[in-house]
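Biologist: Please zoom in on one spot in this chain and tell me what sits around it. Start from a single side chain and work outward to the helices.

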Amino acid sequence: EEGKALRGAPELTEKLVAIGKKVIVFSNNSTTHPVLMKEQYKNEKIIVTDVINSALLVSKYSMQNKIKLVYVIGEDGFCEVLKEHGLTIRDCDVDAVLVGMDRNITYQKLATATRLIRGGARFIASNPDKSFPTPRGLEPGAGSMIAALVAASDTKPEIILGKPNKFGFDYII
């Protein structure tokens with residue numbers, strides 16, 4: 001069930017921490033702030049040392065590449081992480097368009113992002129997941145939003161930062 005711990009996960013993480021191991025969750029979820037995700041795991045009795053999600057990876061990549069001004073297709077948790085890392089979100093004259101999962105995506109958001117990418121803004125994506133499981137069945141993921149922009153802008157993202165991209169694994173290490 002979505003949002004519920006897998007059977008045995010609390011016991012496993014407890015044993016790992018007891019023997020001095022770090023438990024790092026590496027998630028493609030860009031919609032939820034890593035601190036909130038860590039709290040959600042704690043509520044399920046799963047001990048987590050750190051959460052690294054695709055929103056954090058987009059922030060780190062942007063910082064490393066001197067990207068400051070961004071247009072975002074994504075939810076509040078994504079935007080919060082970006083702002084915490086010094087990025088300024090706006091809808092014109094941007095360095096990059098950053099795309100994550102957005103359950104409130106609109107034609108206007110896609111149109112703005114398309115114009116910005118076609119105008120020279122860099123195109124950076126959070127994760128390639130075309131869909132994700134919910135209690136209702138599979139629903140569109142960030143990869144679906146990315147696909148719409150690829151089709152509209154005739155441009156592929158310069159990088160997709162979530163799993164299985166090497167950037168995230170290098171960051172964890």
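**Around one serine**

Modeller: Let's start with S126: in this predicted model, its side chain makes a polar contact with the side chain of N127, at 3.2 Å. To place it along the chain, look at the loop between β6 (122-125) and β7 (131-134), which is where S126 sits. Is S126 buried or exposed? It has 0% relative accessibility, so S126 counts as buried; the cut-off for that label is under 20%.

Now for the company it keeps. Leaving out residues up to four places away in sequence, S126 touches S30, S54, V58, V99, G100, M101, A142, I160, L161 and G162. Some of those names lead us straight to helices. S54 and V58 lie in α3, which covers residues 54-64, and A142 belongs to α6, which covers residues 142-153.

Take α3 to begin with. It packs with α4 (residues 76-84) at an angle of about 30°, and their axes are 9 Å apart. Angles under 35 degrees count as roughly parallel, so that is the label α3 gets relative to α4. The crossing of this pair is right-handed. On the α3 side, the contact is made by A55, L56, V58 and S59, and on the α4 side by F78, V81 and L82. Sorted by type, that comes to six nonpolar residues, one polar and no charged. Notice V58 here: it is on the list of residues S126 touches, and it also takes part in the contact with α4.

Follow A142 instead and you get to α6. Its partner is α5 (residues 107-118): the two axes come within 9 Å and cross at roughly 55°. With that angle, α5 and α6 are therefore oblique to each other, and their crossing is right-handed. From α5, the residues in the contact are L110, A113, T114, I117 and R118; from α6 they are M145, A148, L149, A152 and S153. By type, this contact divides into seven nonpolar, two polar and one charged.

For a change of scene, try K4, in the segment before α1 (9-18). What does its surface exposure look like? K4 has 48% relative accessibility, so it counts as partly exposed, whereas S126 is buried at 0%. The C-alpha atoms of K4 and N43 are separated by 9.6 Å, with the two residues 39 apart along the chain.

Methods. Residues are numbered from 1 along each chain as its sequence is written. This is a predicted model: local features need pLDDT of at least 70, side-chain atom pairs count only at pLDDT 80 or more; totals for chains, interfaces and linings use all residues. Side-chain values use heavy atoms; hydrogens and water are left out. Helices (H or I, at least four residues) and strands (E, at least two) are DSSP runs, numbered from the N terminus. Buried means under 20% relative accessible area, exposed over 50%, partly exposed in between (1.4 Å probe, protein chains only). A polar contact is a pair of N or O atoms within 3.5 Å; within protein, one must be able to donate a hydrogen and the other to accept it, and residues adjacent in sequence count only if both atoms are side-chain atoms. Contact means heavy atoms within 4.5 Å. Axes are lines fitted to C-alpha atoms, for helices over the stretch in contact, and angles run from 0 to 180 degrees between N-to-C directions. Angles under 35 degrees count as roughly parallel, over 145 as roughly antiparallel, 65 to 115 as roughly perpendicular and the rest as oblique. A crossing is left-handed if the near helix is turned anticlockwise from the far one by less than a right angle, and right-handed if clockwise. Ala, Val, Leu, Ile, Met, Phe, Trp, Tyr, Cys and Pro count as nonpolar, Asp, Glu, Lys and Arg as charged, and the others, Gly among them, as polar.
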